[in-house]
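Subject: Structure handover

Hello,

Here is the structure we discussed, ready for you to load. My notes on it follow below.

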Amino acid sequence: MTQRLLVRDLAQVATPAGTKAPLRGKALGEVEVFEDAFVLCAGETIESVGRMRDLPALDGDVVEVDGRGLCAIPGLVDCHTHAAFGGDRVDEFSLRAAGAGYEELHAAGGGILSTVRATRAAGKDGLLAAVELHGSWMLRAGTTTFESKSGYGLDRETELASLRAISDAGGIPTWLGAHAVPPEFDGADAYLDFALAEVLPDAAELAEAADVFLERGAFDAAQARRYLEACRDAGLALRLHGDQFTESGAIPLAIELEARSVDHLEATGEEGVRELAASEVVGVLLPASALFLDRPMPPARGLVDAGAAVALATDFNPGSSFCESLPLVCSIAATQLHLSPAEALSACTVNAAHVLRRADRVGRLSSGYRADVVLLDAPDWRYLAYHLGGQVIAQVVAGGELR
Ligand code: NIG
Ligand code: FE
């Protein structure tokens with residue numbers, strides 16, 4: 001018989017409203033809240049959610065969890081991370097604290113390329129161990145579904161090993177084959193000749209999507225187009241890193257190629273906001289990265305008010321955002337992006353799930369969804385954003401299992 005798990009007597013259960021993702025405009029901030037409530041899971045699936053007074057009598061074996069003083073929200077969904085890397089960048093972090101620039105470090109062969117060296121040296125087993133470790137950090141922070149990009153191998157063997165490690169560690173793999181130009185190539189075009197001929201055919205079997213870093217010092221719009229069109233033709237969905245430091249044409253390209261998302265947007269101006277809002281492309285906001293690099297925040301309020309679909313993610317990586325915590329991202333979203341706690345919750349649950357094309361299975365607490373539940377150590381679910389950097393996670397249920 002299917003094992004049932006009942007979390008009872010919760011102060012509140014909060015879940016984004018509506019079934020249609022992505023949520024836009026006013027709907028982004030509509031969170032349904034049940035007071036004095038329960039969540040009932042049957043095996044890996046949510047059976048029902050409601051007020052304690054409506055809890056039916058339950059036959060058979062039921063594992064009960066005392067939810068008094070806690071709130072439940074859906075398992076969080078991180079739709080943009082770079083978890084497959086070796087080494088760290090703590091020395092670079094210290095240099096940046098003393099004034100060194102992120103882009104200058106990259107141009108001098110440090111930055112992303114220093115992680116490429118460490119990732120190539122990590123080997124297959126080392127990479128799997130790294131993604132598993134990073135996934136365990138995410139789970140502890142309430143993330144029950146994560147995407148991760150490759151992009152620190154940039155050779156055939158390490159890129160494919162990264163994608164395999166991400167799947168084996170339970171993540172959703174994205175091939176970031178166009179992250180930087182590795183030192184053994186003369187330029188971006190020569191590197192893309194290699195990556196598209198030698199890596200794409202196998203990467204397309206392992207990944208769900210492809211991603212590119214469209215930015216000065218990385219790949220320009222023509223190179224990004226070439227890479228993305230080839231990836232699309234090989235069956236991959238498309239994502240872009242765009243407008244992080246400069247507006248370099250990422251939004252129009254994302255719209256034209258029907259990408260799932262364009263991510264970062266710290267440099268996006270009014271025209272970009274309008275274009276994105278009128279499109280189906282989701283804007284993925286990464287405010288922990290803007291904070292970590294001391295860069296301007298993306299125009300989140302303008303995007304939401306203009307009707308754009310936005311998601312929030314950590315951008316977890318060793319260089320620009322060594323942060324796996326979506327609760328902290330929700331706090332930054334509330335204090336720096338001026339999103340309400342409800343908008344932030346929807347952005348890192350249903351809308352992030354939509355970017356990963358899993359919005360019918362994860363991101364809400366509702367019957368039939370996967371039994372991914374975060375229990376907050378809080379009398380009000382909005383402590384998710386309110387408790388800045390605090391120990392807000394009491395316990396996590398992933399696929400019906402207490403973790
Ligand atoms: O999303 N901007 C490009 N890629 C990553 C950072 C990579 C790194 O610094 O290692 C990002 O910020
Ligand atoms: Fe990123």
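I begin with one helix residue. Ala195 touches Trp175 and Leu200, if residues up to four places away in sequence are not counted. Ala195 is in helix α5, which covers residues 188–206. With a relative accessibility of 0%, Ala195 counts as buried. Its C-alpha atom is separated by 6.9 Å from that of Gly177, and the two residues are 18 apart along the chain. Please keep in mind throughout that this is a predicted model.

Metal site

The iron ion (ligand 2) has four protein residues as its coordination partners: His80 (NE2), His82 (NE2), His241 (NE2) and Asp315 (OD), at 2.1 to 2.2 Å. Along the chain, the spacing of these donors is H-x1-H-x158-H-x73-D. His80 sits in the loop between β6 (76–78) and α1 (90–97), while Asp315 sits in the loop between β13 (310–312) and α11 (326–335), so this pair ties together parts that are 235 residues apart in sequence. His80 is buried, at a relative accessible area of 0%. Asp315 is also counted as buried, at 1%.

His82 deserves its own paragraph. Its place is in the loop between β6 and α1, and at 2% relative accessibility His82 counts as buried because the cut-off for that class is under 20%. The side chain of His82 makes a polar contact with the side chain of His241, at 3.3 Å. Leaving aside neighbours within four places in sequence, the contacts of His82 include Ser148, Lys149, Leu176, Phe316, Asn317 and Pro318. Tyr152 and His179 are also among the contacts of His82, and both residues come up again with the other ligand.

Ligand 1

Which residues come nearest to ligand 1? Of the 15 residues around ligand 1, they are Tyr102, Tyr152, His179, Gln244 and Ser320. Three polar distances may be useful if you set up the ligand:

- Tyr152: a polar side-chain atom lies 2.6 Å from an oxygen atom of ligand 1.
- His179: an N or O atom in the side chain is 2.8 Å from a nitrogen atom of ligand 1.
- Gln244: a polar side-chain atom lies 2.8 Å from a nitrogen atom of ligand 1.

Taken alone, ligand 1 exposes 330 Å², and the protein buries 100% of that area.

Strands

Strand β14 (residues 373–376) is covered on both faces: Val373 and Leu375 are buried on one side, and Val374 and Leu376 are buried on the other. Strand β5 (residues 71–74) runs antiparallel to β14 and is joined to it by 4 bridges. Within that pairing, Ile73 has Val374 of β14 as its bridge partner. Strand β15 (residues 393–398) is likewise antiparallel to β14, with 4 bridges between them. Here the bridge partner of Val373 is Val397 in β15.

Another helix residue

Val304 lies in helix α10 (residues 300–306). Is Val304 buried or exposed? At 2% relative accessibility, Val304 counts as buried. Apart from neighbours within four places in sequence, Val304 is in contact with Gly25, Leu28, Val310, Leu339 and Glu343. Val304 and Ala83 are 28 Å apart, C-alpha to C-alpha, and 221 residues apart in sequence.

Regards

Notes:
Residues numbered from 1 in each chain as written. Chains lettered and ligands numbered in written order. Predicted model: local features only at pLDDT ≥ 70, side-chain atom pairs only at ≥ 80, totals over all residues. Heavy atoms only, no water. Donors = N, O, S within 2.8 Å, 3.2 Å for Na, K, Ca; no water. Helix = DSSP H or I, 4+ residues; strand = E, 2+ residues; numbered from the N terminus. Buried < 20%, exposed > 50% of the residue type's maximum accessible area, 1.4 Å probe, protein only. Contact = heavy atoms within 4.5 Å. Pairing = 2+ DSSP bridges. Near = heavy atom within 4 Å. Polar contact = N/O pair within 3.5 Å; in protein donor to acceptor, adjacent residues only side chain to side chain. Areas by Shrake-Rupley, 256 points an atom, 1.4 Å probe, with all protein chains shown as cover.
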